[in-house]
Amino acid sequence: MDGHAAREQSIEWRQIDDAWQRIESWLERNAPATFASLLPGASEAELDGLQESLGVRLPVGLRALWSRRAGVGPETTPWFMPEECVLMSFSVVRRVYQRQMFLRQQDLEDQQRTGSTEEITVWRPSWVPFAAMDADALTGLCVDAETGRIWYWCEYAERRVQFESLTDYLEEMADVLEVPELAKEARVGLMNGFLVWGVPLNEAERAAWEPLGG
């Protein structure tokens, strides 16, 4: 790695670290249940082990985030991040990546059998999942290790770039939490000590949900 690339990675690490510190400080003060659900940060050995099991280089931004908090537990934690997401634990990251790579291989084999030349993006080996939008992690967000962009995926094959970087994603979250007007526009609220991004669909949960910012 040359000096320029090393400096860029150092800047990205610091930006991620600063954004997450803002988020975590807010959670500790205002959403103790969500704060308590955060898992400890991963060690370098654990991050290297995840990278080896996936077979793809972990983006520096994800290494920075996961060194602070390696997901949440239990997996029933309400969606507390933008796009109504929750951080995946490493076991879920592995399961999702392996499942998506299996589906990718099936799709490639189907194309070979049919002689299709249509390019369909089911999954890319460089995509590293980090946030789920449902309990079974069939929908979520991943970071492209090659470009740094955050992609949305779902079980119905919809794929799109959702954020330009993990830094943008986390800084937006920190800004919304710190500025009440933004929280109101983003439909962010509190429910029984949990931060909840988006109004709950369940009637009982919706009754307990209180929007931030009035």
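## A walk through the sheet and its helices

In strand β3, D144 is the bridge partner of W127. That pair makes a handy starting point for a tour of this predicted model. W127 belongs to strand β2 (residues 127-132), which pairs with β3 in the antiparallel sense over five bridges.

Stay with β3 for a moment. Strand β3 covers residues 140-144, and five of its five residues are buried, so the rest of the structure largely encloses it. You can check this face by face: G140, C142 and D144 lie on one side, L141 and V143 on the other, and all of them are buried. D144, the residue we began with, is thus among the buried residues of this strand.

Now step across to the next strand. Strand β4 (residues 150-153) runs antiparallel to β3 and is joined to it by four bridges. Look for V143, which stands opposite I150 of β4. Between the two strands the hairpin has five residues, and G148 in this hairpin adopts a positive phi near 85°. Like β3, strand β4 has both of its faces covered. I150 and Y152 are buried on one side, while W151 and W153 are buried on the other.

I150 is worth a second look, for it also leads onward to β5. Its bridge partner in β5 is F163, and β4 and β5 pair over four bridges, again in the antiparallel sense. The hairpin of β4 and β5 has five residues between its strands, and here A157 is the residue with a positive phi, near 70°.

With these strands in place, the whole sheet can be laid out. It is an open sheet of five strands in the order β1-β2-β3-β4-β5, with antiparallel pairing. Its edges are β1 (86-87) and β5 (159-163), each of which pairs on one side only. To find the β1 edge, go back to β2: two bridges join β1 to β2, and these strands run antiparallel. V86 has A132 of β2 as its bridge partner. Helix α5 (residues 90-114) packs on the sheet, where it touches β2, β4 and β5. The direction of α5 makes about 125° with that of β2.

Let us leave the sheet and turn to two other helices. Helix α3 (residues 44-54) packs with helix α4 (residues 60-68) at an angle of about 130°, their axes 10 Å apart. The two helices are therefore oblique to each other, and their crossing is right-handed. On the α3 side, the residues that meet α4 are E44, L47, D48, L50 and Q51. From α4 come R63, W66 and S67. Taken together, the residues of this contact are a mixed group, with three nonpolar, two polar and three charged.

One last stop is S37, a residue of helix α2 (residues 32-37). Is S37 buried or exposed? With a relative accessibility of 6%, S37 counts as buried, because the cut-off for that label is under 20%. What does S37 touch, once its neighbours within four places in sequence are left aside? Its contacts are with G71, V72, G73 and T77. Showing S37 together with these residues gives a clear view of its surroundings beyond those sequence neighbours.

Methods:
Residues are numbered from 1 along each chain as its sequence is written. This is a predicted model: local features need pLDDT of at least 70, side-chain atom pairs count only at pLDDT 80 or more; totals for chains, interfaces and linings use all residues. Side-chain values use heavy atoms; hydrogens and water are left out. Axes are lines fitted to C-alpha atoms, for helices over the stretch in contact, and angles run from 0 to 180 degrees between N-to-C directions. Angles under 35 degrees count as roughly parallel, over 145 as roughly antiparallel, 65 to 115 as roughly perpendicular and the rest as oblique. A crossing is left-handed if the near helix is turned anticlockwise from the far one by less than a right angle, and right-handed if clockwise. Contact means heavy atoms within 4.5 Å. Ala, Val, Leu, Ile, Met, Phe, Trp, Tyr, Cys and Pro count as nonpolar, Asp, Glu, Lys and Arg as charged, and the others, Gly among them, as polar. Buried means under 20% relative accessible area, exposed over 50%, partly exposed in between (1.4 Å probe, protein chains only). Two strands pair if DSSP finds at least two bridges between them.
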